[in-house]
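Me: I should like to go through the reasoning behind several descriptions of this structure. Please set each value against its criterion.

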Amino acid sequence: MITPVLPAARTACDPAASPDESITAWALAARGGDADAVEHFVRALHRDVQRYVAHLCTDPQAVDDLAQDTFLRAISSLHRFEGRSSARAWLLSIARRAVIDSYRYAAARPRLSDVPDWRLAVESAQPRGLPGFDDGVALLDLLACLPDERREAFVLTQLLGLPYAEAAEVSACPVGTVRSRVARARATLMDLLDDGGTSHAL
């Protein structure tokens, strides 16, 4: 039996609803066939998915494709979304699987050339002269020094603002592990800042 979606759709218009509640309500309404809700759902989470995927994958040119793949997978799986967790955590779990699948696919294919210089690609893909541009590139450099698991935990909780419990759900690990990874990531980033970016992550 499919749960009615009308109450959830009303929640999306409720000014008292939190952003995550609204997004989850849109996902539930989209599951029921509401085309406007699909558009709201995609628009609300597109930037979060792109940022998360960008920090997980090593190829900045693949970010848009992976984000699109994430939403295609999510929309085709909406009939299975029941709202037990936030739609954002559910979607980022799908994004994580999309990145993992892309790694598996790339590993199975013969390599034609070396991995491109991601830093050059990121810098050339972003507009110049905007406030915070240099800071953003510096942050990318620092985050690149973190081990993958710590970087993922830091991005989810500190940049995307996910609660620790939802970050644990996305990462498929205990909440305590996420807290530990974030604490160690912060400590490493502070050491890097103190040393002028010359330290290496442990």
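Reply: A disulfide is counted where a pair of cysteine sulfur atoms lies within 2.5 Å. The model discussed here is predicted, and it holds zero disulfides by that criterion.

Me: What makes Cys57 buried or exposed?

Reply: Buried means under 20% relative accessible area. Cys57 has a relative accessible area of 12%, so Cys57 is buried. Cys173 stands at 16% relative accessibility and therefore counts as buried.

Me: Why is α3 called oblique to α4?

Reply: The axes of helix α3 (residues 35–56) and helix α4 (residues 63–77) cross at roughly 135° and come within 9 Å. Angles over 145 degrees count as roughly antiparallel and those from 65 to 115 as roughly perpendicular, whereas the rest, apart from angles under 35, are oblique. The crossing angle therefore makes α3 oblique to α4. The crossing in which α3 passes α4 is right-handed.

Me: Which residues make the contact?

Reply: On α3, they are Val38, Val42, Leu45, His46, Val49, Gln50, Val53 and Ala54. On α4, they are Val63, Asp64, Leu66, Ala67, Thr70, Phe71 and Ile75. The residues of this contact comprise eleven nonpolar, three polar and one charged.

Me: How do you know whether Asp48 is buried or exposed?

Reply: Asp48 is found in helix α3. The relative accessibility of Asp48 is 14%, and the cut-off for buried is under 20%, so Asp48 counts as buried. With neighbours within four places in sequence left aside, Asp48 is in contact with Arg88, Leu92 and Leu160.

Key: Residues numbered from 1 in each chain as written. Predicted model: local features only at pLDDT ≥ 70, side-chain atom pairs only at ≥ 80, totals over all residues. Heavy atoms only, no water. Axes fitted to C-alpha atoms, helices over the stretch in contact; angles between N-to-C directions. Helix = DSSP H or I, 4+ residues; strand = E, 2+ residues; numbered from the N terminus. Left-handed = near helix turned anticlockwise from the far one by under 90°. Contact = heavy atoms within 4.5 Å. Nonpolar A, V, L, I, M, F, W, Y, C, P; charged D, E, K, R; others polar. Buried < 20%, exposed > 50% of the residue type's maximum accessible area, 1.4 Å probe, protein only.
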